[in-house]
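Reader: Hi! Got a few minutes to go through this one with me?
Author: Happy to. Let's bring it up and take the questions as they come.

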Amino acid sequence: MTSQRIHPAELVVRGGTVHTFDRLGTVADGLAVHSGRIVAAGADLTACIGPDTEVVDLAGRTVLPGINDAHLHATWLGARWPHPLLGPPHDEAPVTTSAERRAAILRAGGLCASLGITSYTEPGLGPGETGCFSAAVLDEYAALHREGLLRARVTVLRLFGLLDGVSSLPNFKRGLETPVPRADPEWLAVTGVKIFADGIPPMGTAWTHHCYADGGHGALLVDGPDDDARVGNLGAMISAAHEAGLVVGVHATGERSIETALAHLRRGDHLVHGDLVTPAQLRRMAARGVGLTTQPAIATAMRPMVAAALGADVAANAWPLREILASGGPLTLSSDAPVVTPDWRVHLAAAGELLGARGVTPELTARLLRCYTTEAAVQDGSASWKGTLAPGMAADFCVLAADPLDVALADLPSVAVELTVTAGRIVHKG
């Protein structure tokens, strides 16, 4: 048994398989939790059990670190679910009042808990937006945190422009000066900014060297009279964020927008989506420690749309997950919900489809799961205290009906999430 100083635990789970995802790949039989932290991981946890300890018999089930979705629009998800954007048309619930914002966040929190998601990044809240993306949403998160009502830890990237729209350098700099609510950073952390460099290929708005049917190539979503001016303004925005001590997440899908952002991003920053990223760009990202957050289920759903917009050859090379994994660069997998489902099991199955994986692939499955746990904690700056299940780390974990490493990636969506624990508190029981 590995442990810290033994305390009577508030919660003990035992009798199963615990994938700690620590550096040694330790597999334990159980966990003991005290004050929201793991205090022991091992087979014999008797010394941790006191008269008030809640003991859960895993009965052979499997424990994973809590899922950390690195790019999930939770408020928007709460307003739309169960109707993803890539689905039949559906009107989402209005999010204009404090009560509506609160209801959307809480609804998303319940859904996340049911999926084993204990952390997520809400990417794009700010003063230039309204509804699900307004600065008032951040205030609502802070209020829910003060009331102890959050069921998952939240990292926020602020947005000083328009969602899927143009931003300007003056507005961006003014936004950097706006205050953020005070909160415990282990529950609500405002760590950086999101910048839209371009749109997406199916809409003809990804900035690319490839040619759309109308003869265009897209453009940067940054104010400026020409490409050179827009390139300069994007670089100035990234530099201004760095000077403010913030990390930067750049929405970039076309290889031209990716190249432009890479000229300025640094270790700890990341690109979001990266649909048309090239092998040379992946090598540069790996060398510089610039991460990539991508969404396998969006890739499988949108590849035919990319083919229609840019041709079959371009679509065949889009979302090159095999090359992304081989590059060794920082990689997180995420949902971008509610564009598609927030269910990480579906995204891992889609990753298996992109990779042509067949049958049970334990090493590959573990690698992909780390993109949803340990690597996501690195991206949101929290790897020192969450993302693994070693003593001293946050007691954020989920219990699955079967060991995902013993299941084919295609079959993962059928593996039930039966328990979710955040900070040592059971937030979902199936």
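Reader: Nice. Let's start with helix α4: which residues there are buried?
Author: Keep in mind that this is a predicted model. In α4, which runs over residues 169–176, the buried residues are L169, F172, G175 and L176.

Reader: And why do they end up on the same side of α4?
Author: Because they cover an arc of only 120° around the axis, they sit on the same side of α4. There is a general pattern behind this kind of spacing: an α-helix has 3.6 residues a turn, so residues three or four places apart point the same way.

Reader: Makes sense. What covers the buried residues of α4?
Author: The cover includes two strands, β9 (153–159) and β10 (188–196), along with helix α5 (227–243).

Reader: Switching to pockets: what volume does the largest pocket have?
Author: About 530 Å³ for the largest pocket. Its lining is made up of 30 residues, and nearest the centre are L85, D164, I200, D336 and V339.

Reader: Which element gives the most to that lining?
Author: That would be α8, with three residues in the lining of the largest pocket. β10 also appears here: β10 and α8 (296–310) each supply at least two lining residues. So β10 turns up twice in our chat, since β10 is also part of the cover over the buried residues of α4.

Reader: How does the lining of the largest pocket divide by residue type?
Author: The lining of the largest pocket has 17 nonpolar, eight polar and five charged residues.

Reader: And the second largest pocket, what's its volume?
Author: The second largest pocket comes to about 240 Å³. It has 16 lining residues, with G268, D269, P330, V378 and Q379 nearest its centre. Two elements give two or more residues to this lining, β14 (331–333) and α13 (374–379). Of these, α13 gives the most, with three.

Reader: How does that second lining divide up?
Author: Here the count for the second largest pocket is five nonpolar, eight polar and three charged.

Reader: Last one, a single residue: is R345 buried or exposed?
Author: R345 counts as buried, because its relative accessibility is 11% and the cut-off for buried is under 20%. R345 belongs to helix α11, residues 344–355.

Reader: Which residues is R345 in contact with, leaving aside neighbours within four places in sequence?
Author: With those set aside, R345 contacts L115, and also L412, P413, V415, A416 and V417.

Methods
Residues numbered from 1 in each chain as written. Predicted model: local features only at pLDDT ≥ 70, side-chain atom pairs only at ≥ 80, totals over all residues. Heavy atoms only, no water. Helix = DSSP H or I, 4+ residues; strand = E, 2+ residues; numbered from the N terminus. Buried < 20%, exposed > 50% of the residue type's maximum accessible area, 1.4 Å probe, protein only. Contact = heavy atoms within 4.5 Å. Arc of directions from axis to C-beta. 1 Å grid on protein atoms, 1.4 Å probe; cavity = no way out; pocket = protein on both sides within 12 Å on 5 of 7 lines; lining within 4 Å. Points joined across faces, edges and corners; volume = space filled by probe spheres on them. Nonpolar A, V, L, I, M, F, W, Y, C, P; charged D, E, K, R; others polar.
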